[in-house]
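Q: I am new to this structure and would like a close look at a single part of its make-up, namely the aromatic rings. Please take me through them slowly and with care.

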Amino acid sequence: MVEQAVGSVVVVGPSGALQGIVTDRDLRERVLAAGRSPDEPVAAIMSAPLLTISPEAFLFEALLEMTRRDIHHLPVVEGGRLVGVVSSHDLLLLQTAAPLELARAIQSRSSVDELAVQAARVTEAIRQLLDRGLSGYEIGRIVSELNDGLVRRALWLVRRELEASGVGEPPVPFCWLALGSEGRREQTLRTDQDNALVYEDPPPLLRPAAERYFQAFAKRAIDALIGLGFPRCPADAMASNPRWCQPLAVWRGYFAEWVRETTPQHLMYSSIYLDLRPVAGTDALAAALREEIRAQVAAWRSFPRYLAKIAVSHAPPLGLFGRFRRQRQDGRRGINLKLGAMLLLTNALRTYAVDLGLDETNAIERLEAATRVGKCFTPGEADDIRQAYETVFRLRLAHQLARLAAGEAPDNFVDPYGLGRSEQHRLREAFHTIRRLQGAMEDRYFTEVL
């Protein structure tokens, strides 16, 4: 490494097959700090299995993988052959490594107060990603990794706090679930919390202890997240609410009831909890819930039609001759891009995902899977929908950052006539695309007869 001025060496077997990687950090932490003998084989300290990336992958994907895995080096492999290594230093030279550095800082904090300092840096990271031209999908994925890191570290700190106070370890495995925009990996600036907790069904004698532990854990966790700048949910859709901190059997019952009895309240719950995504703990519990959703939808095939009805409940705010329909709010005139556009897209793509039994929660990934697996859209239609999503996402985000820079609270209320002509044109096209998508859903799901 010293002779070649590199920070890693890839380990290969006798046949040349890739087996692992040894980095300068491995030598520091697993040899020098651990007091290992230099006579041991590298297999004793290498990281394996080897995480790799294709040479055709975008830099965004390398950055996302490094941020998610907290690694410094990513071997580039083509046809089973090593062709290079991308390092965090390489990304730093391109001025794209800020999220990676921030993710590492988050991982090393030892108190909620220290973590809050790093949480405040996420907004500036978002601004940089937007300025560098990343797509809304890319920004959402990277920021979700940072937010997930904050949540995981906060949960770890809470667990240590409970242990120190004599409460002990979790009595059974559990999973912390992200919901809503964070569950879809579409959150940028931190909005109201939407989360839940599911834990393994405990033996009868352990039920009271499990309930006490997880309710105490969830309450402290929510308080910690509020301290990091994640506001409390006004509707109390959080794990600190005992209703949303339950064993697996209870959650199964929730989904069975919501799918079977499509009341307005149950459909509202479905629009939140069908976007569940595991963030910390035992992922198998989240997988079990997804399997339950699939089973219930298969048994009650009318359910996707009711989801579709929500997606077509109102049209984008575009009137005759392509004029924007503005509303008044707090002395301003504009349109709510979240309610009038983004929510319509996410509701529509959630419907297709549930109908097809897909695991994807992100809107773009649902779109791609519905196109690939369900043949629901032609490539041209899928491109139009993705472009509509990107247009709305970036306009919302740019507006929110501008509000913050002006010392105002970020919101989704944008005056389209304050935008440039090209942005107005793209927004009109996005609204037309959303309306065509709604028309396709009306035909597919016969929403008019519900």
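How many aromatic pairs does a search of the whole structure find?

A: In this predicted model, a search of the whole structure finds 24 aromatic pairs. One of them is formed by Phe174 and Phe217, whose rings meet edge-to-face, with 5.3 Å from centre to centre and 65° between the planes. Phe174 belongs to strand 5 (residues 174-178) and Phe217 to helix 9 (residues 207-227), so this pair ties together parts that lie 43 residues apart in sequence. As for their surroundings, Phe174 has a relative accessibility of 7% and therefore counts as buried, while Phe217 is buried as well, with a relative accessible area of 0%.

Another pair is made by Trp251 and Tyr273, and here the arrangement is tilted, with the centres 5.6 Å apart and an angle of 50° between the planes. Because Trp251 lies in helix 10 (residues 248-260) and Tyr273 in helix 11 (residues 264-273), the pair ties together parts that are 22 residues apart in sequence. Trp251 is buried, at a relative accessible area of 1%, and for Tyr273, which is buried too, the value is 1%. Both residues also take part in one aromatic cluster, which is formed by Trp244, Trp251, Tyr254, Phe255, Trp258, Tyr269 and Tyr273.

Aromatic rings also appear beside charged groups. The charged end of Arg153 sits over the ring of Trp156, at 4.3 Å from the centre of that ring, and the charged end of Arg386 sits over the ring of Tyr137, at 5.3 Å from its centre.

Two residues without aromatic rings can be added, since each has a phenylalanine among its contacts. Asn147 is found in helix 7 (residues 136-164), and it is buried, with a relative accessible area of 0%. Leaving aside neighbours within four places in sequence, Asn147 is in contact with Phe230, and also with Val122, Glu182, Gln187, Thr188 and Arg190. Of these contacts, Gln187 is 40 residues away from Asn147 along the chain, and the C-alpha atoms of the two are separated by 8.9 Å. Thr371, for its part, has its place in helix 15 (residues 363-372). At 17% relative accessibility, Thr371 counts as buried, because the term covers values under 20%. Not counting residues up to four places away in sequence, Thr371 touches Phe377, together with Cys376 and Ala382.

Methods
Residues are numbered from 1 along each chain as its sequence is written. This is a predicted model: local features need pLDDT of at least 70, side-chain atom pairs count only at pLDDT 80 or more; totals for chains, interfaces and linings use all residues. Side-chain values use heavy atoms; hydrogens and water are left out. Helices (H or I, at least four residues) and strands (E, at least two) are DSSP runs, numbered from the N terminus. Buried means under 20% relative accessible area, exposed over 50%, partly exposed in between (1.4 Å probe, protein chains only). Contact means heavy atoms within 4.5 Å. Rings of Phe, Tyr and Trp (its six-membered ring) pair if their centres lie within 6.5 Å; planes under 30 degrees apart count as stacked, over 60 as edge-to-face and the rest as tilted. A charge sits over a ring if NZ of Lys or CZ of Arg is within 6 Å of the ring centre and within 35 degrees of the ring normal.
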